[in-house]
Amino acid sequence: AVVSTQSTGDLQIGKVVSKVHRSIGSLYRMRHSLPARLRLPVFTALVQSHISYGISVWGSGGDVNRLFPIFKAQKNALRSLFDLKRSAGSLCRPGTKQTFCNSSLLTVHHLYHYAVLSEVHRIRGLSDPVIAGLMHFSARKPNLAIIPKGTPKYLDTNFLFMAPRLWNSHHRNSPSMPGSFTSWTKLRLLEVQGAGDPQVWNSSNLTLPT
C-alpha cells in the first residue's frame with residue numbers, strides 16, 4: 001500500500017526500534033574483533049536495512065520528533081559498534097554526528113527523504129500507466145509534481161501528499177543535478193546532516209530545507 005495512517009506509522013516505528021535494540025548487544029560484542037573495513041557493511045545490514053525497509057510509507061513525513069526514538073536507537077547502535085563515548089544532551093551527542101558523516105551514513109530522517117525522492121524519480125521514468133498514474137507532473141514544468149487536492153486525515157504520513165512536496169522542494173533548491181540522481185541526492189542530504197558543529201546535532205541537521 002502507498003498510503004499509511006498515523007497509527008500504522010507509530011506501530012512500525014516501535015517495531016523498528018525493537019529490531020535495532022536487539023542488534024545493539026551483538027554490535028557491542030564484535031566492536032573490537034570486527035575489522036574496521038567491515039564495520040560499515042555490518043552496521044548497514046543490522047541497523048540501516050531495518051530502518052530503510054518501507055520507510056517512504058511509514059516514515060511520518062520525516063518528522064523529527066516522531067522519528068526520534070529510531071534516531072536514538074540508531075545512535076546507540078553506532079556507539080556500540082564504533083566504541084564511541086556518550087555525552088550529556090538530548091540531540092547533542094558528540095561523536096555520532098561526525099561518525100555518521102565520515103561513514104556516509106544517513107540518519108533515519110534522511111533515509112526517509114532519500115527513499116521518497118528516489119521513488120518519485122523512479123515513478124517519473126516508468127511507462128506503466130497504473131504506477132505512473134499514482135503521481136502527476138505539470139505539462140508546462142515536467143519536473144514539478146502536482147500536489148493532490150484534499151486534506152487526508154494524516155497528511156504527514158500520506159506518501160501521495162508528502163512525496164510531491166518533498167520533490168518540488170528538492171528541485172526548487174537544486175536546479176541542476178550533476179551525476180546520477182541518487183548519488184547527488186545522498187550527497188546533498190549528507191551536507192545538510194553534517195552542517196554546523198561537527199560534534200553537535202541540531203534539528204536543522206535532520207530536516208530537508210524548503
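This passage describes the fold of a predicted model, then one of its helices and its salt bridges.

The protein chain contains nine helices and zero strands. Read from start to end, the chain therefore follows the pattern α-α-α-α-α-α-α-α-α, with helices numbered from the N terminus. The chain has 210 residues, of which 43% count as buried. Its exposed surface amounts to about 10,600 Å², and carbon and sulfur atoms supply 58% of that area. Among contacts in the protein chain with a separation of 6 or more, 67% are accounted for by residues 24 or more positions apart.

Helix α4 spans residues 68-82 and has 15 residues. From its first C-alpha to its last, α4 reaches 21 Å, which is close to the 21 Å expected at 1.5 Å a residue. Because 12 of its 15 residues are buried, α4 is largely enclosed by the rest of the structure. The buried residues of α4 include Ile70, Phe71, Leu78, Leu81 and Phe82. Charged or polar names also appear in this group, among them Gln74, Lys75, Asn76, Arg79 and Ser80. Just after the helix, Asp83 takes a positive phi of about 55 degrees.

The count of salt bridges comes to two, with a side-chain nitrogen of Lys or Arg required to lie within 4 Å of a carboxyl oxygen of Asp or Glu. In one of them, Arg66 pairs with Asp10, and the closest N and O atoms are 2.7 Å apart. Arg66 lies in the loop between α3 (55-58) and α4, while Asp10 belongs to helix α1 (residues 6-29), so the pair ties together parts that are 56 residues apart in sequence. Arg66 has a relative accessible area of 16% and is buried, because the cut-off for burial is under 20%. Asp10, at 39% relative accessibility, counts as partly exposed.

The other salt bridge joins the side chains of Arg31 and Asp83, with an N to O distance of 3.6 Å. This pair also links distant parts of the chain: Arg31 is in the loop between α1 and α2 (36-52), Asp83 is in the loop between α4 and α5 (96-102), and the two are 52 residues apart. Arg31 counts as buried at 15% relative accessibility, whereas Asp83, at 32%, counts as partly exposed. Asp83 is thus the residue with positive phi just after α4 and a partner in the salt bridge with Arg31.

Notes. Residues are numbered from 1 along each chain as its sequence is written. This is a predicted model: local features need pLDDT of at least 70, side-chain atom pairs count only at pLDDT 80 or more; totals for chains, interfaces and linings use all residues. Side-chain values use heavy atoms; hydrogens and water are left out. Helices (H or I, at least four residues) and strands (E, at least two) are DSSP runs, numbered from the N terminus. Buried means under 20% relative accessible area, exposed over 50%, partly exposed in between (1.4 Å probe, protein chains only). Contact means heavy atoms within 4.5 Å. Accessible areas come from the Shrake-Rupley method with a 1.4 Å probe; for residues, only the protein chains shown count as cover. The expected span of a helix is 1.5 Å times one less than its number of residues.
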